[in-house]
Structures are given as structure tokens and as C-alpha cells.
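The following report describes a protein model for a reader with a computational background. Please consult the sequence and coordinates shown here alongside the text.

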Amino acid sequence: MKVSVDRSVCYGSAECAYRAPAVFAFEDGYGVVRPGRAESADDPQVREAAERCPSQAIVLAR
């Protein structure tokens, strides 16, 4: 599964970078998926970050 951040929805809480710092970074006021980590959606920390994202900007897709 792939993970991405919808920047049109993200409001910059940095919750993703806090919960899964190996996968997410905080750049220019928004959460982003680190290069080469888009295939990390099965990681439990990534799933938790998606569930707890206050803006629901993290997208998990097949």
C-alpha cells in the first residue's frame, strides 16, 4: 500500500512527523512523505498517524 499527504487538506499540525518520523517530514509548514517511503502504508506507525491526523490529510491507497 502507498501513503501520501493531501496538501490541499493538510493544515500543518505535524502529527504525522511526530508519530512516524521515519516516513513523514514537516516541510514548508506541511507534512510530506519522505523520498522513497511512499510504500510504507502497512507500517503500524503510519496507520496510527493516518488515524490521528486532525485534518485527515494522510491517504492510504492500494
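## Contacts of V33 and the overall architecture

Outside its neighbours within four places in sequence, V33 is in contact (heavy atoms within 4.5 Å) with V3, S4, V5, V23, F24 and A38. V33 belongs to strand β3; helices (H or I, at least four residues) and strands (E, at least two) are DSSP runs, numbered from the N terminus. With a relative accessibility of 22%, V33 counts as partly exposed, where buried means under 20% relative accessible area, exposed over 50%, and partly exposed in between (1.4 Å probe, protein chains only). Between V33 and K2 the C-alpha to C-alpha distance is 10 Å, although 31 residues separate them in sequence.

The model is predicted: local features need pLDDT of at least 70, side-chain atom pairs count only at pLDDT 80 or more, and totals for chains, interfaces and linings use all residues. Residues are numbered from 1 along each chain as its sequence is written, and side-chain values use heavy atoms, with hydrogens and water left out.

The protein contains 2 helices and 4 strands, arranged from the N terminus in the order β-α-β-β-α-β. Its radius of gyration is 10 Å, close to the 11 Å given by the globule rule for 62 residues, so the protein is as compact as a globular protein of that length. This radius is taken over C-alpha atoms, and the rule is 2.2 Å times the number of residues to the power 0.38. The C-alpha trace spans about 25 × 20 × 20 Å along its principal axes. Of contacts between residues at least 6 apart in sequence, 58% join residues at least 24 apart.

As for the surface, the protein exposes about 3,800 Å², of which carbon and sulfur atoms supply 47%; the areas come from the Shrake-Rupley method with a 1.4 Å probe, and for residues only the protein chains shown count as cover. Of the 62 residues, 32% count as buried.

## Strand β1 and the nonpolar core

Side chains alternate along β1: V3 and V5 point to one face and are buried, whereas K2 and S4 point to the other and are not. Strand β1 runs antiparallel to β4 (residues 58–61), and 4 bridges join them; two strands pair if DSSP finds at least two bridges between them. K2 has A61 as its bridge partner in β4.

The largest nonpolar core has 14 residues, and those with the most contacts inside it are V3, V5, V23, F24, V46 and I58. Two or more residues of this core come from each of β1 and α2, and α2 gives the most, with 3 residues. Such a core is a set of buried Ala, Val, Leu, Ile, Met, Phe, Trp, Tyr and Cys residues joined through side-chain atoms within 4.5 Å. Not counting residues up to four places away in sequence, V23 touches V3, V32, V33, R34, R37, S40 and V46.

## Loop residues

S40 is in contact with M1, V3, V23 and V46, leaving aside neighbours within four places in sequence. The table places S40 beside two other loop residues.

| Residue | Loop | Relative accessibility |
|---|---|---|
| S40 | β3 (30–33) to α2 (44–52) | 10%, buried |
| A14 | β1 (2–5) to α1 (15–19) | 25%, partly exposed |
| D28 | β2 (24–27) to β3 | 70%, exposed |

A14 is a residue other than glycine with a positive phi, near 70°. D28, also not a glycine, has a positive phi near 55°.
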